Every structure is written in structure tokens, then in C-alpha cells.
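Dear colleague,

I am handing over a structure to you with this email, and my notes on it follow below. Please read them with the model open beside you.

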Amino acid sequence: MPQIDHTKKIVEISDVSFSYGKEEVLKDISLDIHQGDYLGLVGPNGAGKTTLLKIMLGLLSPTKGEIKLFGTDLKKFKKWSDIGYVPQKATSFDVNFPATVKEVVLMGRYGKKGLFRHTDGRDEIIVKKALEEVGMQEYENRLIGDLSGGQQQRVFIARAIAGEPKIIFLDEPTSGIDAKTQDEFYTLIKKLNTELDLTLILISHDIEKITKEAMHIACVDKTLVYHETPERFLESVHAKEFVGENAKFTTHHHS
Amino acid sequence: MDIFQYGFMVRGLEAGIIVAIIAPLIGIFLVLRRYSLIADTLAHVSLAGIALGLLLGLNPVYTAIGVTVISSVGIERLRTSQKIYGESALALFLSGSLALAMILLSLAKGFNTNLLNYLFGSIVTVTAGDVRVMAILAAFVSLALFLFYKELVYISFDEESAKAVGIPVRFINVLLIVLAALVVSLAIPIVGILLISALMIIPVITALQFKKGFVKTIIYAEVISILSVIFGIIFSFYFNLSTGGTIVLAMLAVFGIVLLI
């Protein structure tokens, strides 16, 4: 079992609110994420999970409140290479894009390199290792668009690992992937946390699964409804409410 | 009749090959970013630049470069301002610059055969000085593409993830359109304003049909582009046809063949 280092805060969210125009999406969210944690971010559809993730990544600016990454205010934060990001699959890329698996994973090195510097043999080795880590080394010369959804997601994980980050943000990485592949996928994610010592924040709509995997669960529904261990989260009223009322919120089916 | 005994044909070939090399390098990013029509818009803008040069008595190639580069930044600003739809911004600049060009041309009494050279290209009038300017600009564009290659690839593939790892997306977008503006300006003598976008787009969409990785796709596009341009120049010379038209039809023929295989 990996250890959470409670002395090291990786992400500090203080009193963050966010609105699209007049519609308030997030309200007064405060949440700390420590080194080594594996946080499952859950909540009903449209509850603001992805918005919160994008705020943490600096892709959206909060209307109110502060975010710190590795102790530095987000506005001044420069070490983006410490951050890995696995976007929601369906929306993130063009399946006809002419790139091999290797070329996609190599992009993970780009942020690390900085302007004007090109990738070299060392980067290629890191890319190979990342592909081995996710079990996709045999596919390195295949086109990304020719792979199945589950395989593409593995490649995006490899891209995130290749950047040698300290934390990885994953936005519903298993949406649109069949149940068996999902299980393999969660095993892989857990390995990143236990073996590579990466801090993870994973958005999931699948409460049943994520409560078995993550070390902590944060439930967001405009406000931070709950932030606890999975066991306590499941015992809580909130979980029952969501499991009962929102069918889409639990879509994990056992065959 | 030997094509190489004519100095103007040798210069034409040199200029053609320079453009053939550089156009798909920019074109691949334009196509993949769904910016294909920007090339056409910039070409029309360059006509306004040429008209301005004719009116002021300056070298039209230089004024075309200046006007196109400045406008390209304006187009990108308007496109991303979200005040109007992105493609409407292109339509606005395309027709607006053409209107401006017509007014400037009528002031400069520029509706003459000279204008046809700019519209349809005229490699026989390319001077040694033109070739030198084109070579310098092409070298500059290639260097910029080389330096920002990985950023361009990343934002073309997945802009949001690129942003998340700290790649300066807005700057790279502006850089791309400014480089496209430079290439459009330097391609004018070869195929003319009306056909420039074909040179940037057709070899790339042809290469994409092979379904290869990024680097291989660029190489395929380069081969198609260079061979079509050389073929077009030589063929049009011996059969006394329009060079620009021959080049573009050759590219389209290759595209058609590749599509059928």
C-alpha cells in the first residue's frame, strides 16, 4: 500500500467558485490533495467535476478563490512538466490524425523539453519504457486512430507517464470502454500509484468501481459534498442518494 | 528545344522547387488544424498588398508580404475573439481584401496584363533577385518550423492537452498563420494568387490518404509536391500551357490516383 505523505500538499484548492456567465457551476470548494494520494472525483453529470479539473490544470480561471500546485500559486506556476493529463477520450483528438503510437507518446516529452529543444535518443528510451508500462510496446508503429478505445487510452496514459510527472489528472478515462477492458485499465492506474508513486486524481462516474480503487473520494455537486475514504463515503447518506437517484451515476454492470 | 538553355526557365524551376518544398510543410498544420481556407484568404489579402505596391510604386512582392503578415495577425485575433464565427472571419477578410484590392488597383490604373501575372502566376518573369528573396524567406520559415516543430505537432493533435503541459498555444497559433502568410506571399510568382492554397493543401491531403505517421506523411507530401511542380513547369513549357494550372492539375491527378488505389 502506498503511503500518503500528509506533509506534502500537491494541490491546494481554497474557496474556489466558478461560473459560466451567470450560471454558477462550482461554489466555495476547498480541497487539499497530498502526495501519494489516489483521489476519485465523483458526482452526478453536470456537477462541475471536469470544470474543477480544468481549473486545477489552469485551463480555466476560477471566478473566485485560489489554487496552489506544489505550494505555488497557479498564476505563477511554471513547472507544468510535473503535471500529466489524460483527457476525456472521445472529445480530445481526431482519429484520422496521422500519428503513430510512438509519435503520440513522444509528445509527452515535449512539455518537458521546453522551447527550441528537440527530442533525442534518451527521450526515445523513456517513450519505450512508458509503452512497456502500459503494455503497448508492440503497437508503437501503429496509427493511433487504428487502435481500440481501450488501447488509445493506454497510449494516452503512456504519453502522460513519458512526461515523468509527479501527478496525473484523468478525466473519465474509461468512458466508452467495455467492462473487461475497464478492469484492466483500473489495475494499470493503480500500478501508477503504487509502483511509480504518482499522485492521481481521477474523475469517474462509476462509484462502485472507483470506491474499490481510490484511497479517497471527493464528491462534487456544485459544492464539495464529501471528501472521505471510500468506506466512509459509501456508508454516508450522500452515496445512497446518488446511487439511488441518479441512474447514470452508476453504470457499472456485472455480467 | 532544351528547357535548361533558357535562363528564365532555370530560375523558374529554382523558384518552383523552393515553393514546392515549403508549401506542404505549412500546409500539413493548416489541414490538420482545419485551417485549410486560411491559405485562400491570405492569398486574397496578398492581392491587396500587391495593389498597394503598384499604387505606391514599390516592389509589389514586398508590400504583399507586409500586408499579408499584418492581416494574418488580425484574422487570428478576430477568429479567436468569438465575436463572430471563425470561418466568417475568413469570409470577411477574403471578400474585404478583394474589394480593397479592386479599389487600389483602379486608383493605380493596375488592371492590365501585369495583374494577370499576379493572379495566375508567371514564372518566366521571376528574376534572380526574386529567387534570392524567396530562398531567404523559405529558409526563415523552415527554421521557424524546425524550432517550433514539437509545439506545432502537439497543438495540432490535441490543443487542450498541449495547454495543460504549458505549451504557449496562442503564440503558436499566431506563429503558424504568420508563417502561412509568408509562404503565400512567396508563392505568388509560381502559381499566382488564385492557386496558392492548392500548393499548400493538395499534396498534404494526398499524403494523408496513405495513413502513415506524422513524419512519413510530411515526406510523402514533399515528394508529391516537388514532383508535381517540376513536372508542371516542364510540361507547361513544352506544351505552352499555363504553369500554375498544369502544376495544380498534376497534383489533383496524383490525388485522384491515390484515392482510387
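**Confidence, cores and a surface patch**

In chain B the mean pLDDT (the predictor's confidence in each residue, from 0 to 100) is 91, and 100% of the residues reach 70 or more. For the complex, the predictor gives an ipTM of 0.85 and a pTM of 0.87.

This is a predicted model, in which local features need pLDDT of at least 70 and side-chain atom pairs count only at pLDDT 80 or more, while totals for chains, interfaces and linings use all residues. Residues are numbered from 1 along each chain as its sequence is written, chains are lettered from A and ligands numbered from 1 in the order in which they are written, and side-chain values use heavy atoms, with hydrogens and water left out.

The largest nonpolar core (buried Ala, Val, Leu, Ile, Met, Phe, Trp, Tyr and Cys residues joined through side-chain atoms within 4.5 Å, where buried means under 20% relative accessible area, exposed over 50% and partly exposed in between, with a 1.4 Å probe and protein chains only) has 133 residues, and A:Tyr38, A:Val105, B:Ile26 and B:Met200 touch the most other members. Its main contributor is helix α9 of chain B (residues 169-191), which gives 16 residues; helices here are DSSP runs of H or I, at least four residues, numbered from the N terminus. A second, separate core of 32 residues includes A:Ile10, A:Leu53, A:Phe77 and B:Ala164.

Elsewhere, B:Leu55 belongs to helix α2 of chain B and is partly exposed, with a relative accessible area of 34%.

Best wishes

Conventions: Helix = DSSP H or I, 4+ residues; strand = E, 2+ residues; numbered from the N terminus.
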